[in-house]
Amino acid sequence: MALLHANPFNPVCIVPAESFTVSANVNAVLYDINGRLIRGLHNGALAAGSYDLKIDGAGLSTGIYFVHVRVNDALHVQKIALMK
């Protein structure tokens with residue numbers, strides 16, 4: 001996974017996802033600093049190509065969050081900071 005754009009962010013950030021040469025099964029979720037699931041961002045197959053995850057923090061509290069992106073069998077974790 002590439003580096004995060006605009007970290008810390010307010011209220012929206014873009015997490016660049018992997019570029020796929022073939023279709024892949026992608027499950028992306030957002031957790032808070034305590035490990036509580038905040039919301040799912042994507043769950044399903046994506047065709048070959050490049051994708052970004054848009055995270056809207058408008059309804060979230062200031063703090064540290066973790067984006068977990070599982071692509072097939074590989075897990076990528078990105079820490080993001082929301083500053084309001």
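Q: What makes this an all-strand chain, going by the order of its elements from the N terminus on?
A: In this predicted model, the elements run β-β-β-β-β-β from the N terminus. The count agrees: 0 helices and 6 strands.

Q: How do you know which strands stand at the edges of the open sheet?
A: Start with the order, which is 3-2-5-6 with antiparallel pairing across 4 strands. Strand 3 (37-46) and strand 6 each have a single partner strand, so one side of each is left without a neighbour in the sheet. Neighbouring strands here are turned by 15° against each other on average, with direction ignored.

Q: What makes strand 2 and strand 3 count as paired?
A: At least two bridges are needed for a pairing, and strand 2 and strand 3 have 8, in the antiparallel sense. They form a hairpin with 4 residues between them, and Gly35 in that turn has a positive phi of about 85°.

Q: How do you know that strand 2 also pairs with strand 5?
A: The same test works here: two bridges would be enough, and strand 2 and strand 5 share 7, again antiparallel. Ala28 is a handy residue to look at for both pairings. Its bridge partner in strand 3 is His42, while in strand 5 Ala28 stands opposite Val69.

Q: Why is the pair of Phe20 and Tyr51 called tilted?
A: A pair of aromatic rings is described by the distance of the centres and the angle of the planes. The centres of the Phe20 and Tyr51 rings are 6.1 Å apart, within the 6.5 Å limit for a pair. Their planes stand at 40°; stacked would need under 30 degrees and edge-to-face over 60, so tilted is the label that remains. The structure holds 1 aromatic pair.

Q: What makes this ring pair a link between parts apart in sequence?
A: Phe20 lies in strand 1 and Tyr51 in strand 4, so the pair ties together parts that are 31 residues apart in sequence.

Q: Why is Phe20 called buried, and why is Tyr51 called partly exposed?
A: The cut-off for buried is under 20% relative accessible area. Phe20 has 12% and therefore counts as buried. Tyr51 has 27%, which lies between the 20% and 50% limits, so partly exposed is the right term.

Q: What makes a set of residues the largest nonpolar core here?
A: The members must be buried nonpolar residues joined through side-chain atoms within 4.5 Å, and the largest such set has 18 residues. Val26, Leu30, Ile55, Val67, Val69 and Ile80 have the most contacts inside this core. Strand 1 (12-20), strand 2 (24-32), strand 4 (49-56), strand 5 (63-71) and strand 6 (74-82) each supply at least two of the core's residues. In soluble globular proteins, nonpolar side chains tend to be buried together.

Q: How do you know that Asn72 is partly exposed?
A: Its relative accessible area is 45%, over the 20% limit for buried but short of the 50% that exposed requires, so partly exposed fits. Asn72 sits in the loop between strand 5 and strand 6. Asn72 also has a positive phi of about 55°, although it is not a glycine.

Q: How do you know whether the radius of gyration agrees with a compact globule?
A: For 84 residues, the rule gives a value near 12 Å; the chain has 13 Å, which agrees. The C-alpha trace spans about 40 × 25 × 15 Å along its principal axes, and 32% of the 84 residues count as buried.

Conventions. Residues numbered from 1 in each chain as written. Predicted model: local features only at pLDDT ≥ 70, side-chain atom pairs only at ≥ 80, totals over all residues. Heavy atoms only, no water. Buried < 20%, exposed > 50% of the residue type's maximum accessible area, 1.4 Å probe, protein only. Phe/Tyr/Trp six-rings, centres within 6.5 Å; stacked < 30°, edge-to-face > 60°. Axes fitted to C-alpha atoms, helices over the stretch in contact; angles between N-to-C directions. Rg over C-alpha atoms; globule rule 2.2 N^0.38 Å.
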